[in-house]
Amino acid sequence: MAGALGRMGQAVSAVVSDRADVRLAARFDRPGAEGEGLVPLDQALEKAQVVIDFTTPSASVALAQAAAARGAPALVIGSTGASPQQIEAIEAAAKSIPIVFAGNYSLGVNMLMGLVAQAAKALHADAYDIEVTESHHKRKVDAPSGTALMLGEAAARGRQVALADVAQRVRDGITGARPTGEIGFSVIRGGGIIGEHSVIFAAEDEILTLSHSARDRGLFARGAVEAARWVAGRPPGLYDMQDVLGLK
């Protein structure tokens, strides 16, 4: 378990401890971190069959490169906010080891992605505007969330456009009328909100909202553990939760 002292690291460790089909081989955190049972990175990579990582994009890239250099172990990466260069580095590492890389490990969210893509395909841009809204706790450092971007990608895929060409992440001041086909993002940060995501399809005469609410971080931890069980022994490659759940 990477980032073992963090909130998600502790949640994953708790899920593993309650299961008989997986075992926590090693726990590690940032260099210099102290805690009972923590080991150095090299020792963790030697002991583990799969490493689950909910840390930061820079730490995830370093972990992926270290594992790729050894040819093992497999990785499950859940850090969000990675730059294009960091994503490229993880993709490069996946040529040597199997990596599950996803912005969200919830079964419900991954089902929601499929529904959003279908709705976007059926509800044409000239009649329905799409807005992705998300809310998270005040400690979250990236915005929009990785999950919001995944939902935006699903909507763009349904309309057969590139999200980069139609995304509107910020509105401020006199913005003018909304362009046809724009996919907007709205962000809330506050308190201890675990995760709320909605995709709104707004027409002049009706509004369709598809949404998901996270009630406990355990749901992400359970999904990550399932991903770890699935990726163990897989050939090198970059996978996501759609692969894990057989939804592709």
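**Exercise 1. The two faces of β2**

Task: In this predicted model, decide which residues of β2 are buried on one side and which on the other.

Solution. Step 1: A74 and V76 are on one side of β2, and L75 and I77 are on the other. Step 2: These residues are all buried, with buried meaning under 20% relative accessible area. Step 3: Both faces of β2 are therefore covered.

**Exercise 2. The order of the strands**

Task: State in which order the four strands of the open sheet come, and which strands lie at its edges.

Solution. Step 1: The order is β1-β2-β3-β9, and the pairing is parallel. Step 2: β1 (50–53) and β9 (237–239) each pair on one side only, and they are the edge strands. Step 3: On average, neighbouring strands in this sheet are turned by 15° against each other, direction ignored.

Step 4: Now take the pairs at the two ends of the order. β1 and β2 run parallel and are joined by four bridges. Within this pair, V50 stands opposite A74 of β2. Strand β3 (residues 98–101) is parallel to β9, and three bridges pair them. Here P98 has G237 in β9 as its bridge partner.

Step 5: As background, strands of a sheet pair through backbone hydrogen bonds, in either a parallel or an antiparallel way.

**Exercise 3. A helix across the sheet**

Task: Find which residues of α4 are buried and which exposed residues are on the face turned away from them.

Solution. Step 1: Place the helix. α4 (residues 84–93) lies across β2 (74–77), β3 and β9, and runs at about 145° to β3.

Step 2: List the buried residues. They are A89, I90 and A93. They cover an arc of only 95° around the axis, so they are on the same side of α4.

Step 3: Ask what covers them. The cover includes α3 (57–70) as well as the strands β2, β3 and β9.

Step 4: Look at the other face. Turned away from the buried side are the exposed residues P84 and E88.

**Exercise 4. The nonpolar cores**

Task: Describe the largest nonpolar core and say which element gives the most to it.

Solution. Step 1: The largest nonpolar core has 30 residues. Those with the most contacts inside it are V12, I52, F54, V76, V100, Y105 and V231.

Step 2: At least two residues of this core come from each of α1 (7–17), β1, β2, α8 (218–231) and α9 (241–244). α8 gives the most, with nine residues.

Step 3: Follow V231 as an example. Leaving aside residues up to four places away in sequence, V231 touches V50, A74, L75, V76, P98, I99, V100 and Y239.

Step 4: Another core, of 24 residues, lies apart from this one, and A119, Y128, I130 and F201 are among its members.

Step 5: As a general point, nonpolar side chains tend to be buried together in soluble globular proteins.

**Exercise 5. The surroundings of T80**

Task: Find which residues T80 touches, and which side chains make polar contacts with its own.

Solution. Step 1: T80 is in the loop between β2 and α4. Step 2: Not counting residues up to four places away in sequence, T80 touches P57, G103, K140, D142 and G146. Step 3: The side chains of T80 and K140 are joined by a polar contact of 3.4 Å. Between the side chains of T80 and D142 there is a polar contact of 3.0 Å. Step 4: A143 is 63 residues from T80 in sequence, with a C-alpha to C-alpha distance of 9.3 Å.

**Exercise 6. Backbone exceptions**

Task: Locate the cis peptide bonds at P73 and P144, and the positive phi at Q160.

Solution. Step 1: Recall the usual case. Most peptide bonds are trans, and most residues other than glycine have a negative phi.

Step 2: A72 and P73 are joined by a cis peptide bond with omega about 0°. P73 is in the loop between α3 and β2.

Step 3: The peptide bond from A143 to P144 is also cis, with omega near -10°. P144 belongs to the loop between β4 (129–136) and α6 (146–158).

Step 4: Q160 is not a glycine, yet its phi is positive, at about 60°. Q160 is in the loop between α6 and α7 (163–166). Its relative accessibility is 74%, so Q160 counts as exposed; the cut-off for exposed is over 50%.

Note on methods. Residues numbered from 1 in each chain as written. Predicted model: local features only at pLDDT ≥ 70, side-chain atom pairs only at ≥ 80, totals over all residues. Heavy atoms only, no water. Pairing = 2+ DSSP bridges. Axes fitted to C-alpha atoms, helices over the stretch in contact; angles between N-to-C directions. Contact = heavy atoms within 4.5 Å. Buried < 20%, exposed > 50% of the residue type's maximum accessible area, 1.4 Å probe, protein only. Arc of directions from axis to C-beta. Core = buried A, V, L, I, M, F, W, Y, C linked by side-chain atoms within 4.5 Å. Polar contact = N/O pair within 3.5 Å; in protein donor to acceptor, adjacent residues only side chain to side chain.
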